[in-house]
2 protein chains.
Amino acid sequence: MAVVEIRISLKEGVEDPEGKNTKKALELLGYNVGDVRVSKVFTIEINEHRDVLEVAKDMCKRLLANPVIHNYDIKLVMTDDEKAVQ
Amino acid sequence: MAVVEIRISLKEGVEDPEGKNTKKALELLGYNVGDVRVSKVFTIEINEHRDVLEVAKDMCKRLLANPVIHNYDIKLVMTDDEKAVQ
C-alpha cells in the first residue's frame, strides 16, 4: 500500500473563475490581494504492485486531469516500507 | 508582496462525497485503491504589511474554511525578500 498526493492545477493562461471570485470576496472583506488560484489535491491510497508513481500518472491521464487545461503534480506521501516519505 | 498556499481539507470523520466518487471511478477503471480524499489549495498573493501568516489565518477563519468540517494548513511560498522560501 502507498499513499500519493496528486495536485491538479489549471495551466497558466487558463481562466480560474473560482480564484477570481475568491479574490473578489477577500477584497470585499478588506484584504489587499493580487492573483488567487485554486487547485485540487487528491490523496489516494494505492494498493497496486506496480510502480506507484506510474500508476498515479496513469490515473491523471485517464481520469483526474484534463490535458487541455490542467497540469498535474504527483507526490509520494507514504509507502509500506518507509512511512512518511515526505 | 508574499504568496501563501492555503490548503483546506475535510476533517477526519467528515464524509467526502467527491473522494468517494473518485474512488468508484478509479475502481471502474480497474485500479485497486483504498481511501480517496479531496482537498483544495488556494494560492494567494497577499499585499499586506502585516504578518502574512496571520493575515492568511484570518482569511481562513473569515472566509475560506468552515470550522465545523474543515482543517486548514498555511504555507508561505514566497516573500518579497526571499524568493521561494519552500
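# Burial, salt bridges and symmetry

Visitor: Is Leu64(B) buried, partly exposed or exposed?
Guide: In this predicted model, Leu64(B) has a relative accessible area of 11%. The cut-off for burial is a value under 20%. Leu64(B) therefore counts as buried.

Visitor: Which residue of chain A does Leu64(B) touch?
Guide: Leu64(B) is placed in helix 2 (residues 52-64) of chain B. Setting aside residues up to four places away in sequence, its contacts in chain B are Ile6(B), Ile8(B), Phe42(B), Ile44(B), Met59(B) and His70(B). The contact in chain A is Thr22(A).

Visitor: How far apart are the C-alpha atoms of Leu64(B) and Tyr31(B)?
Guide: Along the chain, Leu64(B) and Tyr31(B) are 33 residues apart. In space, the separation of their C-alpha atoms is 33 Å.

Visitor: What is the C-alpha to C-alpha distance between Met1(B) and Thr79(B)?
Guide: Met1(B) belongs to the segment before strand 1 (2-10) of chain B. Thr79(B) is 78 residues away from Met1(B) in sequence. Met1(B) touches Thr79(B), and its other contacts include Glu45(B) and Asp80(B). The C-alpha to C-alpha distance is 6.1 Å.

Visitor: How is Met1(B) classed, as buried, partly exposed or exposed?
Guide: The relative accessible area of Met1(B) is 36%. The intermediate class runs between the burial limit of 20% and the exposure limit of 50%. Met1(B) is therefore partly exposed.

Visitor: How many salt bridges does the structure hold over all chains?
Guide: Among them are the pair Glu27(A) and Lys23(A), the pair Glu48(A) and Arg50(A), and the pair Glu27(B) and Lys23(B). Over all chains, the number of salt bridges is 12.

Visitor: How far apart are the closest N and O atoms of Glu27(A) and Lys23(A)?
Guide: Both residues lie in helix 1 (residues 17-28) of chain A, 4 residues apart, or about one turn of the helix. Glu27(A) is partly exposed at 37% relative accessibility, and Lys23(A) is likewise partly exposed at 25%. The closest N and O atoms of this salt bridge are separated by 3.0 Å.

Visitor: Which residue forms a salt bridge with Glu27(B)?
Guide: Glu27(B), at 37% relative accessibility, counts as partly exposed. Its partner is located 4 residues away in helix 1 (residues 17-28) of chain B, about one helical turn. That partner is partly exposed at 26%, and the closest N and O atoms are 3.0 Å apart. The residue is Lys23(B).

Visitor: In the salt bridge of Glu48(A) with Arg50(A), which residue counts as buried?
Guide: The closest N and O atoms of this pair are 3.2 Å apart. Arg50(A) has a relative accessibility of 48% and is partly exposed. The other value, 18%, falls under the limit of 20%. The buried residue is Glu48(A).

Visitor: What kind of axis relates the two copies?
Guide: Chain A superposes on chain B by a rotation of 180 degrees, with 0.0 Å of shift along the axis and an RMSD of 0.0 Å. The copies are thus related as by a two-fold rotation axis.

Visitor: Which residue of chain A comes closest to the rotation axis?
Guide: The copies meet through the same surface, because 100% of the interface residues of chain A are also interface residues in chain B. The closest approach to the axis by a residue of chain A is 2.3 Å, taken at the C-alpha. The residue in question is Lys40(A).

Note on methods. Residues are numbered from 1 along each chain as its sequence is written. Chains are lettered from A and ligands numbered from 1 in the order in which they are written. This is a predicted model: local features need pLDDT of at least 70, side-chain atom pairs count only at pLDDT 80 or more; totals for chains, interfaces and linings use all residues. Side-chain values use heavy atoms; hydrogens and water are left out. Copies are superposed by least squares on the C-alpha atoms of residues with pLDDT of at least 70 in both. Contact means heavy atoms within 4.5 Å. A salt bridge is a side-chain nitrogen of Lys or Arg within 4 Å of a carboxyl oxygen of Asp or Glu. Helices (H or I, at least four residues) and strands (E, at least two) are DSSP runs, numbered from the N terminus. Buried means under 20% relative accessible area, exposed over 50%, partly exposed in between (1.4 Å probe, protein chains only).
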